[in-house]
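Visitor: I'd like to go through this one with you and ask why things get the labels they do. Can we start from the picture?

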Amino acid sequence: MRHLRALISAALGLGLAAALGTVPATAADSPGTAVTSSSPASYAAYEGSAQDARATRAFFDAVVKSVAEKRAATPGAQAVTVVYNASNAPGFRTQISRSTQIWNSSVSNVRLVEGSGADFAYYEGNDPRGSYASTDGHGRGYIFLDYRQNQRYNSTRVTAHETGHVLGLPDRYSGPCSELMSGGGPGTSCQNAYPDSQERARVDQLWAYGLAAAIAKVS
């Protein structure tokens with residue numbers, strides 16, 4: 001098993017260690033609790049961040065590393081299953097459920113399910129940076145959902161957008177409302193919570209070819 005993990009890490013070129021889903025230092029576990037601890041090493045914010053590209057790549061790499069071992073055990077499976085933990089975001093359970101249903105109905109090569117042994121987790125609270133997908137650069141990733149921002153923007157869109165980072169999509173703030181990954185770029189009036197055809201195709205491509213290639217190297 002140790003040898004398999006080493007091969008997976010080398011094949012993906014990650015340098016990311018440990019399992020996902022651990023409690024982020026910045027997450028507030030109850031409504032009204034301000035986030036006061038230090039910033040994560042890398043995060044992709046809904047309304048823009050200088051670290052977006054780095055965070056998206058690191059988060060996706062961390063998730064791929066976590067699921068690659070599971071996939072290697074059942075290489076014939078058509079779709080990759082990515083497991084999430086929503087227990088620390090009870091106030092957004094409806095939005096999380098809707099956003100994962102949106103992605104599961106939009107793509108074929110990856111499926112999001114809630115369960116134990118999570119590959120990533122959702123958290124909620126107050127943070128001046130708003131909502132974001134984050135990784136600390138050591139294999140731990142999570143989605144943070146900010147209360148105030150989710151009151152200003154369509155909350156399901158925010159959640160689906162951040163979940164898009166888990167699946168490997170970068171931000172495109174200059175894009176139209178029809179692009180889910182344009183995030184807060186189109187403004188608060190944007191109500192679209194669905195990925196467009198190019199975003200759907202990109203996710204299917206990433207999980208059909210990128211992960212399959214990595215697993216082939218450790219088979």
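Visitor: What phi does G168 take, just after α5?
Guide: In this predicted model, G168 has a positive phi of about 105°.

Visitor: And α5 itself, what makes its span close to the expected one?
Guide: α5 has 12 residues, and at 1.5 Å a residue the expected reach is 16 Å. From first C-alpha to last, the model gives 17 Å, so the two are close.

Visitor: How do you know that α5 is mostly covered?
Guide: Buried means under 20% relative accessible area, and 12 of the 12 residues in α5 are buried. Among them are R157, H161, E162 and H165.

Visitor: Which contact sits at the start of α5?
Guide: A side-chain oxygen of N154 comes to within 3.1 Å of the backbone nitrogen of T156. The cut-off for a polar contact is 3.5 Å, so that distance fits.

Visitor: Why is the pair C177 and C190 called a disulfide?
Guide: Their sulfur atoms are 2.0 Å apart. The limit is 2.5 Å, so the pair qualifies. The structure holds 1 disulfide. Both cysteines lie in the loop between α5 and α6, 13 residues apart. With 85° about the S-S bond, the link is right-handed.

Visitor: Why is C177 called partly exposed?
Guide: C177 has 27% relative accessibility. Partly exposed runs between 20% and 50%, so C177 belongs there.

Visitor: And what makes C190 buried?
Guide: C190 has 4% relative accessibility, which is under 20%, so C190 counts as buried.

Notes. Residues are numbered from 1 along each chain as its sequence is written. This is a predicted model: local features need pLDDT of at least 70, side-chain atom pairs count only at pLDDT 80 or more; totals for chains, interfaces and linings use all residues. Side-chain values use heavy atoms; hydrogens and water are left out. Helices (H or I, at least four residues) and strands (E, at least two) are DSSP runs, numbered from the N terminus. Buried means under 20% relative accessible area, exposed over 50%, partly exposed in between (1.4 Å probe, protein chains only). A polar contact is a pair of N or O atoms within 3.5 Å; within protein, one must be able to donate a hydrogen and the other to accept it, and residues adjacent in sequence count only if both atoms are side-chain atoms.
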